[in-house]
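Colleague: I am new to reading models of this kind, and I would like a close look at a single part rather than a tour of everything. Could you pick one helix, take me through it with care, and then show me what surrounds it?

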Amino acid sequence: MRRLAAIVALLSCLPVLATSGLPVAEAAEDRDAGVRGSARGTDPYWPLDGNGGTDAQHYAVKVRYDFATGRLKGRTAITMRATTDLRSFSLDLLLPATAVRVDGRKARFRTVGRHELRVVPKAPLAAGASFRVVVRYAGKPASYRYAGERNWLASRTEVVAMNQPHMAPWWFPSNDHPSDKATFDVRVTVPKGKKVVGNGVRVGRKVRRGLATTHWRMSDPMATYLAFFAAGRYVVDTGTTAAGIPFYNAVSRGLEPRTRKNARAMLSRTGAITDWLQAKLGAYPFASTGGLVTGLDVGFALENQSRPTYGSWIYPSVIVHELAHQWFGDSVAVQRWRDIWLNEGFATYLEAEYAAEHGGESVQAYLDRMYRRTCDEPASDFWRLDIADPGPKRLFAEAVYDRGAMALAALRNVIGAQTLGDLLSRWVAEHHDGNATVEQFQALAEIVSGKELDAFFHTWLRSGTVPAPTLENGLAGISCS
């Protein structure tokens, strides 16, 4: 994610929504029914993200969106595996569910609080068993909030389901945490005059009675917050990059002509930037690349897997940033939200590398400039924040991005540019389609470089102080002036 500017303050809370689907007596029975999959995940930043006892394998999401009313109607089938014996389990969903089936049989269900859908199947599920849960639901996503976020982005003419760290519960039920990745088939039905853009490869489009259903498929495991769809009037450009990677670019026709022309020209750089990143990092991890520029007023860009979204203000370095996330954040996703440096610091560092190879300042000049800009403010949040564990309110702090990138630029000086390149390539290869932690990266850095780097990483990530301009810190020859 790259934020253009501070997001407008969130609206006031909605009243608690009524629950449905499970009478009180049955709810009491559920409490005593035996083994329950926890409604809580394992991440202390957002304890309700994800759920215990299940592992999602595949999502088949079907939604129909009404632009006039803002109402979304959905049917999502999830193939899951029980990780323990279960008599009940939970899913993350904000919209009211209307029916639930497990392996074709009606299941009891109820909404717990605003965010958890508790499901009680007809028969217990044994540990290791695969099962299929189908949830029908409907509501107005713009009416809901979670964790202080109102994430639905829509107008009477366009909708884009994009946000981080949460987006899925506004439009489909899931285990909503990056540690539980799955493959996706997404079908979106809207008026036939609209085009639908999504993750991965467009499988097909069917028109019936004034409505069109578009099918997108992501065959690589994907974190739930990276799943997206956009619907509106778009100019679409398709083709392949010089390296042979298919691309699909879309720009909103809602933008005024000059802005649209500029956005289309900017987005056309996606292919060359993807190829450049592939040459630096190893094979592009997905079946297609591309991007979408929305006509809606959005203050950030987001690395939706295979197809980032941007505002009308799109510019070259933000394209580098979001495409770098395809390796750092998407293919290699965080194991815990505290590991966000692995996403944002790395994508920001690739911006510096790209600039250095395309007529801009060198990586060393970038590090010098950034250090001198901030080193005389040791008490600032920029230096005091632990970017290996920034906390949920500081997940997207400037330090995570810029100090995070500086740490990699300094590591380049300590272990050498070639070794850093080897490290990044090996990192994305070893964790392809998986999850990883900051500690794992540090361990691999020591293996690849043959150096003991505990002090280096402590200084740059966790110490809360300005790194001294020393050789050991990758800052030899730099002064704070």
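Modeller: Let us take helix 5, residues 341–356, and begin with its length: at 1.5 Å a residue its 16 residues should span 22 Å, and because its end C-alpha atoms are 22 Å apart, the expectation and the model agree. Please keep in mind throughout that this is a predicted model. Helix 5 is also mostly covered, since 14 of its 16 residues are buried.

Helix 5 has a further role in the picture, as it is among the elements that cover the buried residues of helix 11, together with helix 6 (363–374), helix 7 (381–384), helix 8 (398–415) and helix 10 (438–449). The buried residues in question, within helix 11 (residues 454–462), are Phe-456, Phe-457, Thr-459, Trp-460 and Leu-461. Just after helix 11 comes Gly-464, which takes a positive phi of about 75 degrees.

The aromatic rings deserve a slower look, for the structure holds 29 aromatic pairs. One of them is formed by Phe-172 and Phe-184, whose ring centres are 5.7 Å apart with 80 degrees between the planes, an edge-to-face arrangement. Phe-172 lies in the loop between strand 11 (159–160) and strand 12 (182–191), whereas Phe-184 lies in strand 12, so the pair ties together parts that are 12 residues apart in sequence. Both Phe-172 and Phe-184 are buried.

Returning to helix 11, we find that the rings of Phe-456 and Phe-457 have their centres 5.4 Å apart and their planes at 85 degrees, so this pair is edge-to-face. Phe-456 is buried, and Phe-457 is buried as well. These two rings belong to one aromatic cluster, whose members also include Trp-341, Phe-346, Tyr-371, Phe-382, Trp-383, Phe-441 and Trp-460. If you look back at the residue range of helix 5, you will find Trp-341 and Phe-346 within it.

For contrast, you may also turn to the strands, where 8 of them form an open sheet in the order 6-5-9-3-2-12-15-14, with mixed pairing. Its edge strands are strand 6 (105–106) and strand 14 (201–208), each of which pairs on one side only. Inside that order, strand 3 (residues 71–82) and strand 9 (residues 130–139) run antiparallel and are joined by 10 bridges, and Thr-79 stands opposite Arg-132 in strand 9.

How values were computed. Residues numbered from 1 in each chain as written. Predicted model: local features only at pLDDT ≥ 70, side-chain atom pairs only at ≥ 80, totals over all residues. Heavy atoms only, no water. Helix = DSSP H or I, 4+ residues; strand = E, 2+ residues; numbered from the N terminus. Expected span 1.5 Å × (residues − 1). Buried < 20%, exposed > 50% of the residue type's maximum accessible area, 1.4 Å probe, protein only. Pairing = 2+ DSSP bridges. Contact = heavy atoms within 4.5 Å. Phe/Tyr/Trp six-rings, centres within 6.5 Å; stacked < 30°, edge-to-face > 60°.
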